[in-house]
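Dear colleague,

I am passing on the structure we spoke about, together with some notes on what was found in it. Please read the notes with the model open beside you.

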Amino acid sequence: MPLVLPIDPDSIARAAAALRAGELVAFPTETVYGLGGDATNGRAVALIFEAKGRPRFNPLIVHLPDRESAERHAVFSGRAARLADRFWPGALTLVLPKREGSALSPLVSAGLDTVALRVPAHDDARALLRAADRPVAAPSANPSGRLSPTRAEHVARGLDDKVSMILDGGPCAIGLESTVLDLSADRPVILRQGGVPQEAVEEALGEAVAVAGADDTAPRAPGMLSSHYAPNLPVRLNAVETRDGEALLGFGPNSKNATLNLSETGDLVEAAANLFGHLHELDRPPHTAIAVMPVPETGLGRAINDRLRRAAAG
Ligand code: TXA
Ligand code: MG
């Protein structure tokens, strides 16, 4: 069983020492829990892939405590600087050209000449990154293809002894992964919808952005498998009523029969924070399937629906 430690200066120092020694540590961010390893240590990065059971070496997000440390590893364009000013620390990951001489292991970016960087808006996460004093690669702390963890117990249940230490910071405030925006080509492309809505990115940039998958001319994110975020039970979308054995995941005030409700008031921020936790909870007997009521496709609803479509494709 992994060691689950409440966050305090001692446990942060202990976790930082473990990272420096090449071990894996699960830690909370404002989006989801991450499975962290030293991004300059190829063996630690390989351990991340092994612990998650990732079928392929998909590139990972590198976490830094501040903009200055991020600039050591990537070249910031004008667009990148504007977005980092506006959204860091926060739930926006920028894919940028890797800086020559960066100490990052090539395995982190699966051999690409770009790198995905993020400064998390979680005080304890940044304290850990500062104490570790090195860039930390961290995908969500769940087995590959399964639901992302928004609580320490989700990590413990999913990864079990594949992770030796989990810092428990309670539930994640946003509850959805970061938005991944590729700024390495001429045109900005959203590779993954997430915690920062597309509309907010477009407003900050003063231009429309392309969305991978939705737009044939945009590249797809490596590793964006269509079946992902999958509960064990089958998922049925846009449900209006339940069938035999189904749990109903509701949204909004008209969900009287819902087993659980993402947000009674129809608040997308609250729904995002509840999404993975509610799916974890419904994903067990006596239910035999999970039916989900419709969620509007605006703001954070885009990221919520993206995760739900992938869960249903599993
Ligand atoms: O919220 C989050 O982003 C969480 C927390 C722990 O920070 N992290 C997370 O990391 O979701 P990860 O490694 O699972 O997400 C990686 C995503 C994938 O979709 C991957 O394809 C894309 O970022 N990505 C990473 N590096 C890339 C690169 N160089 N080029 C294109 N896409 C990249
Ligand atoms: Mg993930």
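A salt bridge is taken here as a side-chain nitrogen of Lys or Arg within 4 Å of a carboxyl oxygen of Asp or Glu. By that criterion R307 forms a salt bridge with D306, the closest N and O atoms being 2.7 Å apart. Please keep in mind throughout that this is a predicted model.

Both partners of that pair are withdrawn from the surface: R307 has a relative accessibility of 1% and therefore counts as buried, and D306, at 13%, counts as buried as well. The pair also belongs to a network of salt bridges, in which E177, D306, R307 and R310 are linked.

In total, the structure holds twelve salt bridges, and two others deserve a description. In one of them, D38 is joined to R134, with 3.2 Å between the closest N and O atoms. Because D38 lies in strand β3 (residues 34–38) and R134 in the loop between α5 (123–132) and β7 (136–137), this pair ties together parts that are 96 residues apart in sequence. D38 is buried, at 2% relative accessibility, whereas R134, at 26%, counts as partly exposed.

The other is formed by the side chains of R79 and E207, which meet at 2.7 Å, N to O. Since R79 lies in helix α4 and E207 in the loop between α7 and β11 (210–211), the pair ties together parts that are 128 residues apart in sequence. R79 is partly exposed, with a relative accessible area of 26%, and E207 likewise counts as partly exposed, at 28% relative accessibility.

R79 brings us to the packing of two helices. The axes of α4 (residues 78–87) and α7 (residues 198–205) come within 10 Å and cross at roughly 120°, an angle that lies outside the range of 65 to 115 degrees counted as roughly perpendicular and is not over 145, the limit for roughly antiparallel, so the two helices are oblique to each other. The crossing of α4 past α7 is right-handed. On the side of α4 the contact is made by R79, R82, L83, R86 and F87, and on the side of α7 by A200, V201, A204 and L205. These residues divide into six nonpolar and three charged, with no polar residue among them.

Helix α6 (residues 152–159) offers a view of the interior, since A152, H154, V155, A156 and L159 are buried there, each having under 20% relative accessible area. The elements that cover these buried residues include the strands β1 (3–6), β2 (25–27), β3 and β8 (165–168), as well as the helices α2 (42–52) and α8 (268–282). β3 is also the strand in which D38 lies. After α6 comes D160, whose phi is positive, near 50°.

A last point concerns N238, which lies in the loop between β12 (235–236) and β13 (246–250). At 56% relative accessibility, N238 counts as exposed. What does N238 contact, leaving aside its neighbours within four places in sequence? The residues in contact with N238 are V292, M293 and P294. For V292, which is 54 residues from N238 along the chain, the C-alpha atoms of the two residues are separated by 5.9 Å.

With best regards

Technical notes. Residues are numbered from 1 along each chain as its sequence is written. Chains are lettered from A and ligands numbered from 1 in the order in which they are written. This is a predicted model: local features need pLDDT of at least 70, side-chain atom pairs count only at pLDDT 80 or more; totals for chains, interfaces and linings use all residues. Side-chain values use heavy atoms; hydrogens and water are left out. Axes are lines fitted to C-alpha atoms, for helices over the stretch in contact, and angles run from 0 to 180 degrees between N-to-C directions. Helices (H or I, at least four residues) and strands (E, at least two) are DSSP runs, numbered from the N terminus. Angles under 35 degrees count as roughly parallel, over 145 as roughly antiparallel, 65 to 115 as roughly perpendicular and the rest as oblique. A crossing is left-handed if the near helix is turned anticlockwise from the far one by less than a right angle, and right-handed if clockwise. Contact means heavy atoms within 4.5 Å. Ala, Val, Leu, Ile, Met, Phe, Trp, Tyr, Cys and Pro count as nonpolar, Asp, Glu, Lys and Arg as charged, and the others, Gly among them, as polar. Buried means under 20% relative accessible area, exposed over 50%, partly exposed in between (1.4 Å probe, protein chains only).
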